[in-house]
Amino acid sequence: MPWTPQGGGEGPWGSGNGGPWGRGPNGGGSGPQGPDFEEIIRRGQEKLRRALPRHRLAGGGGLGLIALAAAGLWLATGIYQVRPDEQGVVLRFGKWVDTTDPGLHYHLPYPMETVLLPRVTAVNQLQLGFRTGGYERGGPREVPEESRMLTGDENIVEAGFSVFWQIKDAGKFLFNVRDPENTVKMAAESAMREVIGRNPIQLALSEGREKIATQAQDELQKLLDSYGAGIAIKQVQLQKVDPPAEVIDAFNDVQRARADQDRLRNEAQAYSNDVIPRARGDAQRIVQDADAYKEQVVDLAQGEAKRFTDVLASYRQAEDVTARRLYLDTMEDILKRATKIVIDPAAAKGGQGVVPYLPLPELGRKPTSHGTGGEK
């Protein structure tokens with residue numbers, strides 16, 4: 001239904017006889033005014049009467065000229081100006097047909113078409129869950145029926161928030177919404193309840209406040225666009241998110257228990273991060289030692305086998321020489337571990353080169369006593 005300017009009274013957007021947008025159908029109202037086209041037409045008619053002689057006015061040609069001038073002036077009344085802070089809403093016999101941007105425009109003269117010029121640049125604020133108009137004990141007045149909401153993990157919180165909105169399309173705003181402020185309020189409360197209901201309480205109380213506000217703004221804008229309200233949501237601000245006063249003590253106990261749980265979990269994780277890497281390192285070291293021992297044993301076995309095959313090949317080529325060399329090598333290994341010292345009798349008889357009381361066996365054992373568990 002077309003908007004009808006209401007005379008008198010104060011409104012949330014303006015005052016006076018120009019309606020809630022401050023200007024009437026023809027652009028009147030408070031604030032800076034554009035050219036008064038009715039005054040221009042009236043002055044033009046007076047100048048035309050003074051310029052034309054009276055006998056010319058009495059004839060048929062004079063009446064035609066007057067009628068032509070009046071028709072031109074009547075057509076000129078369709079010119080209108082839209083200021084930078086306004087949008088022009090053109091009505092044809094009371095039905096909205098077009099929305100125009102700031103600048104000079106033309107519409108069919110009255111009474112076929114008229115224009116409304118609502119201001120669209122003002123940013124309006126809507127408070128939900130609290131009111132700053134009346135203070136109780138130095139703070140804003142709480143409105144629990146608007147702020148109490150259920151979170152995704154079935155906890156109750158009180159969320160107070162502000163919505164800043166602006167007219168985006170004056171035609172849709174005037175003709176698709178009967179009560180804009182109440183429409184924004186109901187839609188904002190619905191959007192915030194939906195977003196809070198998708199998230200746990202801890203997210204709403206701590207680092208997730210900005211994320212929740214952004215999601216609520218997007219949901220609210222989608223909802224208003226589906227209504228065709230012609231309203232743009234500029235910002236949604238979460239003022240506070242707290243548990244209800246009746247359960248805040250129990251809630252604080254739960255939060256402290258959760259903090260202790262997180263602390264113990266972090267300590268256990270730190271201990272695990274310390275023990276597990278060391279255990280893995282020890283296991284890797286043992287595996288590497290085993291691999292080294294395996295390679296050592298295999299290499300020794302392969303070396304012994306190679307030595308045996310080489311000796312066998314030498315024996316097949318020269319049996320006597322090889323047998324004598326094996327005998328000498330074996331006797332060398334046996335005698336170097338013996339504790340007895342054999343002295344050439346000739347040297348002993350001559351009395352030269354050997355001291356009779358020299359402790360030769362003890363001298364032979366001294367190098368082995370400094371070793372690691374050698375034979376004695």
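Here is a short walk through the salt bridges of this structure and a nonpolar patch on its surface. The model is predicted, so local features need pLDDT of at least 70 and side-chain atom pairs count only at pLDDT 80 or more, while totals for chains, interfaces and linings use all residues. Residues are numbered from 1 along each chain as its sequence is written, and side-chain values use heavy atoms, leaving out hydrogens and water.

Let's start with charge. Side chains of opposite charge can pair when their charged atoms come close. The structure holds 17 salt bridges (a side-chain nitrogen of Lys or Arg within 4 Å of a carboxyl oxygen of Asp or Glu). One of them joins R131 and E146, with the closest N and O atoms 2.8 Å apart. This pair links distant parts of the chain, since R131 sits in strand β7 (residues 130-136) and E146 in helix α4 (residues 144-147), 15 residues apart. Helices (H or I, at least four residues) and strands (E, at least two) are DSSP runs, numbered from the N terminus. E146 counts as buried because its relative accessibility is 5% (buried is under 20% relative accessible area, exposed over 50%, partly exposed in between, with a 1.4 Å probe and protein chains only).

Now follow helix α9 (residues 248-317), where R256 and D253 are three residues apart and therefore separated by about one helical turn. Their salt bridge has its closest N and O atoms at 2.2 Å. In helix α9 you also find E267 and R263, four residues apart, bridged at 3.3 Å, N to O. Elsewhere, E142, R148, E158 and K240 are linked in a network of salt bridges.

Notes:
Patch = residues over 30% accessible without salt bridge, like charges linked within 9 Å, V, L, I, M, F, W, Y side chains within 5 Å. Areas by Shrake-Rupley, 256 points an atom, 1.4 Å probe, with all protein chains shown as cover.
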